[in-house]
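This briefing sets out selected structural features by topic. Please read it alongside the sequence and the coordinates.

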Amino acid sequence: MPQIAYLGPAGTFTEQATRSLTGDFDAELVPFETVPLALTAVRRGEVLAAGVPVENSVEGSVPATLDALTTDEPLVAVQEALLPVQFDLLVRPGTEQGAIRTVASHPHALAQVRDWLAANLPGAEVRATSSTAAGAAAVAAGEFDAAISAPVAVEHYPSLERLVGGIADVRDAVTRFLLVRRPGKLPEPTGADRTSVCAVIGDEVGSLAELLAELSLRGINLSRIESRPIKDRFGEYRFFLDFDGHVADARIGDALTALRRRCSTVRFLGSYPKADRSPASVRETASEQAFRLSAQWVEDVRAGRLA
Ligand SMILES: O=C(O)C(=O)C[C@]1(C(=O)O)C=C[C@@H](O)C=C1
């Protein structure tokens, strides 16, 4: 049975998302303490794939994931999941809200309940843990008084109880997850796909605008752009781009060819079906047929068949 890594321990949102991503086949889910460790296990071939969080509608991208996807050997996303995010406050039985002095969770989770904490646990110290479930495990071990956890966590930590449920500063918050593997056969195009790349461009006038123009000229819908520092050179950035379409689509292949010419580095991070299955709208001039006919026209001209 294939093994799939996730950000553990048991009871994280990532575990829940990874279960939904691997629902179609038998897989054994293996917890890792951090996203980079989970991705290292994929690179080494110790596990087949890893489920990782990439961005949240309230707190934005998950930097640990973005950075780990661009260092070391390439990995590609093959599936995407969206998970609604609300939290529980877990405590050891008998703990009253007024007695909570420390509250632990993943920094991304803490950021999503900042207002609730200020209003309901104003005196409590906030402690960061490697995941929401790691916070719950630490409360079970007596290290902290309370944890901000995923609703599934209480099933994994029977010595804890839910003091408050449904916590969220923003209703309908959503986190996006990817299932990533070593490069291999790509998922088939479905007509409702997303392509992710990471590009490094020169620090020159207009270079970012020109890069984006390569997408807009081909009618490609950009759904996310995000920059992360290159780290060892101050003021230089890598740009993470997500756009509608599959690398097998003519307009996407054409745009990627242009990006590869323009950028010092382009890392392909995958073409995979969008979680919401919303089809890409493709303008007439960027259709498969339009690309095929125009490429044929150039062939004919080159071969002297047309004047
Ligand atoms: O700690 C967890 O439960 C996670 O799965 C990580 C994570 C994240 O990185 O954003 C996932 C979903 C929530 O947004 C909060 C935390």
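In this predicted model, eleven residue pairs are in polar contact across the interface of domain 1 and domain 3, with both partners at pLDDT 80 or more. On the domain 1 side of this interface, helix H3 (63-70), strand S5 (76-84) and strand S11 (174-181) each contribute at least two residues. The largest share, seven residues, comes from S5.

**Interface of domain 1 and domain 3**

- The side of domain 1 that touches domain 3 is made up of eleven nonpolar, five polar and seven charged residues.
- Domain 1 comprises residues 1-84 + 172-184, domain 2 residues 87-167 and domain 3 residues 185-307.
- In the contact, 23 residues of domain 1 meet 22 residues of domain 3.
- Taken over C-alpha atoms, the centres of domain 1 and domain 3 are 24 Å apart.
- About 1,700 Å² is buried between domain 1 and domain 3, and carbon and sulfur atoms account for 53% of this area.
- Of the area that domain 1 buries against domain 3, 31% is supplied by Leu66, Thr70 and Glu80, more than by any other three residues.
- Five salt bridges are found across the interface of domain 1 and domain 3.

**Salt bridges**

- The structure as a whole contains 25 salt bridges.
- Arg194 is paired with Glu80, with 2.7 Å between the closest N and O atoms; Arg194 lies in strand S12 (residues 193-200) and Glu80 in strand S5, 114 residues apart.
- Both members of this pair are buried: Arg194 has a relative accessibility of 11%, and Glu80 has one of 7%.
- Arg194 and Glu80 also belong to a network of salt bridges that includes Glu55, Arg176, Arg224, Glu226 and Asp242.
- Arg228 forms a salt bridge with Asp67, in which the closest N and O atoms are 2.7 Å apart.
- Arg262 of helix H9 (residues 250-262) forms a salt bridge with Glu210 (2.9 Å, N to O); Glu210 lies in helix H8 (residues 207-216), and the two residues are 52 apart in the chain.
- Arg262 also forms a salt bridge with Glu214 (2.6 Å, N to O), a residue of H8 that lies 48 residues away in the chain.
- Glu214 is buried at 8% relative accessibility, whereas Glu210 is partly exposed at 38%; Arg262 is likewise partly exposed, with a relative accessible area of 38%.

**Surroundings of Phe240**

- Phe240 belongs to strand S14 (residues 237-244) and is buried, with a relative accessibility of 1%.
- Leaving aside residues up to four places away in sequence, Phe240 touches Leu66, Thr70, Val197, Cys198, Arg224, Ile225, Glu226, Arg228 and Leu269.
- The C-alpha atoms of Phe240 and Arg267 are 9.4 Å apart, while the two residues are separated by 27 positions in sequence.

**Helix H6**

- Helix H6 (residues 132-140) is largely enclosed by the rest of the structure, because seven of its nine residues are buried.
- The buried residues of H6 are Thr132, Ala133, Ala134, Gly135, Ala136, Ala138 and Val139.
- These buried residues pack against helix H1 (13-21), strand S6 (87-91), strand S7 (102-105), helix H4 (107-112) and strand S9 (146-149).
- At the N-terminal end of H6, Ser131 acts as a cap, with a side-chain oxygen 3.4 Å from the backbone nitrogen of Ala133.
- Gly142, just after H6, has a positive phi of about 85°.

Definitions and conventions: Residues numbered from 1 in each chain as written. Predicted model: local features only at pLDDT ≥ 70, side-chain atom pairs only at ≥ 80, totals over all residues. Heavy atoms only, no water. Domains from an automatic or database assignment. Contact = heavy atoms within 4.5 Å. Buried area = accessible area lost by both parts, 1.4 Å probe. Salt bridge = Lys/Arg side-chain N within 4 Å of Asp/Glu carboxyl O. Polar contact = N/O pair within 3.5 Å; in protein donor to acceptor, adjacent residues only side chain to side chain. Helix = DSSP H or I, 4+ residues; strand = E, 2+ residues; numbered from the N terminus. Nonpolar A, V, L, I, M, F, W, Y, C, P; charged D, E, K, R; others polar. Buried < 20%, exposed > 50% of the residue type's maximum accessible area, 1.4 Å probe, protein only.
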